[in-house]
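Work through the following exercises with the sequence and the model open beside you. Try each task before you read its solution.

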Amino acid sequence: PWKFQIITKTFHFPIKIQITGEAECMPGKVVSKTLAQNDALSVTLFSFDKGEEISTHESGGDAFVTCLDGVGEITINGEKYELHEGESIIMPAKHPHAVHGKEQFKMLLVVVF
């Protein structure tokens, strides 16, 4: 079981945002802010406090993760990948994966279904 907080905000489109200023890290939590979501696509901003994680799970869509700040560890099919600011990784659909904040970590997740 992991601690998870969803921050919701109504966006009116089109919208211009400073993405690094959204979903700030909170002590002992994983924070999520959905920026866009429909049947074909999900765009979500996450922030992880150091040591916080999302446990192993699978997704029905292919995912593209970009590290916006800090250092995170992505585990896909049991193999660990460290992401630093500006780095990205693709996670294929239906493959087990997990995310861990090696330090405070912010990422943008784009899932295509």
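**Exercise 1.** Find where Lys-94 is placed in the chain, and decide whether Lys-94 counts as buried, partly exposed or exposed.

*Solution.* Begin with the strands, which are DSSP runs of E of at least two residues, numbered from the N terminus; Lys-94 has its place in the loop between β7 and β8. Next take the accessibility, for which buried means under 20% relative accessible area, exposed over 50%, and partly exposed in between, with a 1.4 Å probe and protein chains only. Because its relative accessibility is 59%, Lys-94 counts as exposed. Finally look at the backbone, where phi of Lys-94 is near 65 degrees, a positive value in a residue other than glycine. Most residues other than glycine have a negative phi.

Before going on, note that this is a predicted model, in which local features need pLDDT of at least 70 and side-chain atom pairs count only at pLDDT 80 or more, while totals for chains, interfaces and linings use all residues. Residues are numbered from 1 along each chain as its sequence is written, and side-chain values use heavy atoms, with hydrogens and water left out.

**Exercise 2.** Carry out the steps of Exercise 1 for Asn-77, which lies in the loop between β5 and β6.

*Solution.* The phi of Asn-77 is near 50 degrees, which is again a positive value in a residue other than glycine. The relative accessibility of Asn-77 is 45%, and therefore this residue counts as partly exposed.

**Exercise 3.** Describe the surroundings of Met-91, which belongs to strand β7 (residues 88-91).

*Solution.* First, Met-91 counts as buried because its relative accessibility is 3%. Second, list its contacts, where contact means heavy atoms within 4.5 Å: leaving out residues up to four places away in sequence, Met-91 touches Gly-61, Asp-62, Ala-63, Val-65, Ile-74, Ile-76, His-97 and Leu-109. Third, take one of these partners, Ile-74, which is 17 residues from Met-91 along the chain, and whose C-alpha atom is separated from that of Met-91 by 9.2 Å.

Fourth, place Met-91 in a nonpolar core, which is a set of buried Ala, Val, Leu, Ile, Met, Phe, Trp, Tyr and Cys residues joined through side-chain atoms within 4.5 Å. The largest such core has 17 residues, and Met-91 is among those that touch the most other members, together with Phe-46, Phe-48, Val-65, Ile-74, Met-107 and Leu-109. Two or more residues of this core come from each of β3 (41-48), β5 (62-76), β7 and β8 (97-112).

**Exercise 4.** How many disulfides does a search of the whole structure find, and are Cys-25 and Cys-67 buried or partly exposed?

*Solution.* A disulfide is a pair of cysteine sulfur atoms within 2.5 Å, and the search of the whole structure finds zero. Cys-25 is partly exposed because its relative accessible area is 23%, whereas Cys-67, with a relative accessible area of 1%, is therefore buried.

**Exercise 5.** Summarise the protein chain as a whole, starting with its helices and strands.

*Solution.* There are zero helices, for which a DSSP run of H or I of at least four residues would be needed, and eight strands, so that the pattern along the sequence reads β-β-β-β-β-β-β-β. Of the 113 residues in the chain, 40% are buried. Among the contacts with a separation of 6 or more, 63% join residues 24 or more positions apart.
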